[in-house]
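The report below reads a structural model from its core outwards. Please keep the sequence and the coordinates at hand while following the text.

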Amino acid sequence: MEKAFLQNILEQNKMTNSYSFNRVSDENADFRLNKRAASIGFIYRHIGETMNLFTTFLGLKTDVQDTTMGRTDTGQGKNVAQSTQLVKNGYDLLGQIIDTTPDEDWLGMIDTPFFGKVTRLRLFSHTLFHNSHHAGQISLTLAKGVLYADEMD
C-alpha cells in the first residue's frame with residue numbers, strides 16, 4: 001500500500017469531517033435530536049476516544065480512557081476543547097501509523113474484540129468510516145437538534 005495513497009485518504013477524511021467538527025462549540029455541545037439521543041458533545045468525544053483507542057490495535061499506546069463506547073451520554077462531552085484535542089491527536093496518530101507501517105504489513109491480520117481478525121487496512125478504513133458516520137450525526141444534530149430543558153441544569 002503506497003503511503004501517499006493512505007495519506008490522501010486520511011486528509012480527505014479530515015477535510016470532509018471538519019465541516020461538522022469545526023462547528024462543535026460549548027454553545028451547541030448539549031444539543032440533541034431528541035431527549036434520548038446522544039448530545040453533539042458526546043458524539044464528538046466518542047470520535048476522539050475511538051480514534052485514539054483503535055490505534056492500540058495498530059501497535060500504538062495511548063492513555064486515553066474509554067468513557068463513551070457502548071455507554072449512555074451522561075455529560076462526557078461537555079469539554080469541547082478536550083474533545084477537539086482528542087480528535088486532533090487521533091488524526092496525528094493515524095498519520096504516524098501510515099508513516100511507520102511497512103507496505104506489506106497493511107494486509108497483515110490483527111485481532112480485535114469487535115470484528116475478530118481483520119487486516120490492518122480494514123481497521124484503519126473502519127476508523128475513517130466511523131468518523132464520517134458520526135460527523136453526519138453531528139451535522140444533522142447541528143441542523144435539527146435542540147437543547148432540552150432538563151439539559152440546562
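Against which helices do the buried residues of α1 pack? In this predicted model, the buried residues of α1 pack against α2, α3 and α4.

**Helix α1 and its two faces**

The buried residues of α1 are L6, L10, N13, N17, S18, S20 and F21. Seen down the axis of α1, these buried residues fall within an arc of 140°, so they line one face of the helix. The face turned away from that buried side carries the exposed residues N8 and Y19. A general property of helices helps in reading this pattern: an α-helix has 3.6 residues a turn, so residues three or four places apart point the same way.

The packing of α1 with α3 can be described in some detail, since the two axes lie 9 Å apart and make an angle of about 170°. Because an angle over 145 degrees counts as roughly antiparallel, α1 and α3 are roughly antiparallel to each other. On the α1 side, the residues that take part are K3, L6, Q7, L10, N13, K14, N17 and F21, and they meet V87, Y91, L94, G95, I98 and D99 in α3.

**Helix spans**

The table sets the computed end-to-end C-alpha distance of three helices beside the span expected at 1.5 Å a residue.

| Helix | Number of residues | End-to-end C-alpha distance | Expected span |
|---|---|---|---|
| α1 | 19 residues | 25 Å | 27 Å |
| α2 | 15 residues | 21 Å | 21 Å |
| α4 | 25 residues | 36 Å | 36 Å |

For α1, the distance between the end C-alpha atoms agrees with the expected span, and for α4 the reach from first to last C-alpha is close to the expected value. Helix α2 stands out for its burial, because 15 of its 15 residues are buried, so it is largely enclosed by the rest of the structure.

**The nonpolar core and α4**

The largest nonpolar core has 26 residues, and those with the most contacts inside it are F21, F124 and I138. Each of α1 (3-21), α2 (40-54), α3 (80-100) and α4 (120-144) supplies at least two residues of this core. In soluble globular proteins, nonpolar side chains tend to be buried together.

Among the buried residues of α4 are L123, F124, L128, A135 and I138, but also T127, H130, N131, H134 and T141. What covers the buried residues of α4 includes the helices α1, α2 and α3 together with the strands β1 (109-112) and β2. F124, which lies in α4, is buried with a relative accessible area of 1%. Leaving aside its neighbours within four places in sequence, F124 is in contact with L6, L10, L94, I98 and W106. F124 and F54 are 70 residues apart in sequence, yet their C-alpha atoms are 8.3 Å apart in space. For I138, with neighbours within four places again left aside, the contacts are S20, F21, V24, I40, I43, Y44 and I47.

**A strand residue and a loop residue**

T119 is found in strand β2 (residues 116-119), and at 15% relative accessibility T119 counts as buried. Beyond its neighbours within four places in sequence, T119 is in contact with W106, L107, G108, M109 and I110.

G70, by contrast, lies in the loop between α2 and α3 and is exposed, with a relative accessible area of 88%. The C-alpha atoms of G70 and S25, which are 45 residues apart along the chain, are separated by 24 Å.

Note on methods:
Residues numbered from 1 in each chain as written. Predicted model: local features only at pLDDT ≥ 70, side-chain atom pairs only at ≥ 80, totals over all residues. Heavy atoms only, no water. Core = buried A, V, L, I, M, F, W, Y, C linked by side-chain atoms within 4.5 Å. Buried < 20%, exposed > 50% of the residue type's maximum accessible area, 1.4 Å probe, protein only. Helix = DSSP H or I, 4+ residues; strand = E, 2+ residues; numbered from the N terminus. Contact = heavy atoms within 4.5 Å. Expected span 1.5 Å × (residues − 1). Arc of directions from axis to C-beta. Axes fitted to C-alpha atoms, helices over the stretch in contact; angles between N-to-C directions. Parallel < 35°, antiparallel > 145°, perpendicular 65-115°, else oblique.
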